[in-house]
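This report introduces the reader to selected side-chain interactions in one molecular structure. It turns to charged pairs, and then to a polar side chain.

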Amino acid sequence: MLSFEVLLSAMNLKDYKYIDSLNIKSDCVVVNQCNTDGKLEIQDAGRNIKFISSKERGLSRSRNMAIANAQSDICMLCDNDVEYVDNYKEIVISAFEKNPEASTFLVQRKIFELYIILQGVFTGNSFQKNEHREEWCKV
């Protein structure tokens, strides 16, 4: 089975428990833009959570930091103002299993919006064009 984790960029969080308000039930990398630097690795409710505090500012920088700290086959960049459906992980993994040649999906639903990027596509500070598939796949 493909491994999966959510990548969340946020600002001034008190702690990692914020992910519960978004219904994130999978492994997760949280980059918290705040006034300190640090990294915690936490196991909670069956999830592996990396909680990274960073003084750096900017959504792109924060997301790049989350990607650099990700370890899964599938990474989902998420926004911090949505609530995810209970089976989001299964929906995403199923989409990749049905379309193994795909590197990126754009999925939109009433309750959640997500962008998924296979970790292998990201190198250094930029995304590389996938030569095998240029169009977006809709689930």
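With which residue does Lys25 form a salt bridge? The partner is Asp86, and the closest N and O atoms of the two residues are 3.1 Å apart. This pair links distant parts of the chain, 61 residues apart: Lys25 belongs to the loop between α1 and β2 (27-33), while Asp86 belongs to the loop between β5 (74-78) and α3 (88-98). Lys25 is partly exposed, with a relative accessible area of 48%, and Asp86 is exposed, with a relative accessible area of 55%. The model under discussion is a predicted one.

**Salt bridges**

Side chains of opposite charge can pair when their charged atoms come close. The structure holds six salt bridges, including the three tabulated here.

| Salt bridge | N to O distance |
|---|---|
| Lys25 and Asp86 | 3.1 Å |
| Asp44 and Lys17 | 3.9 Å |
| Asp44 and Arg47 | 2.7 Å |

Asp44 takes part in a salt bridge with Lys17. Asp44 is located in strand β3 (residues 38-44) and Lys17 in the loop between β1 (4-11) and α1 (18-21), so this salt bridge ties together parts of the chain that are 27 residues apart in sequence. Asp44 is buried, at a relative accessible area of 17%, because the limit for a buried residue is under 20%. Lys17, by contrast, is partly exposed, at a relative accessible area of 41%.

Asp44 also forms a salt bridge with Arg47. Both Asp44 and Arg47 are buried. These residues belong to a network of salt bridges that links Lys17, Asp20, Asp44 and Arg47.

**The surroundings of Asn32**

Is Asn32 buried or exposed? Asn32, which is placed in strand β2, is buried, with a relative accessible area of 2%.

The side chain of Asn32 has a polar atom 3.0 Å from the backbone nitrogen of Asn12. A polar atom of the Asn32 side chain also lies 2.8 Å from the backbone nitrogen of Leu13. When neighbours within four places in sequence are set aside, the residues in contact with Asn32 are Ala10, Met11, Asn12, Leu13, Phe51, Ile52, Ser53 and Ser54. Asn12 and Leu13 thus appear both in this list of contacts and as the residues whose backbone nitrogens lie 3.0 Å and 2.8 Å, respectively, from a polar atom of the Asn32 side chain.

Technical notes
Residues numbered from 1 in each chain as written. Predicted model: local features only at pLDDT ≥ 70, side-chain atom pairs only at ≥ 80, totals over all residues. Heavy atoms only, no water. Salt bridge = Lys/Arg side-chain N within 4 Å of Asp/Glu carboxyl O. Helix = DSSP H or I, 4+ residues; strand = E, 2+ residues; numbered from the N terminus. Buried < 20%, exposed > 50% of the residue type's maximum accessible area, 1.4 Å probe, protein only. Polar contact = N/O pair within 3.5 Å; in protein donor to acceptor, adjacent residues only side chain to side chain. Contact = heavy atoms within 4.5 Å.
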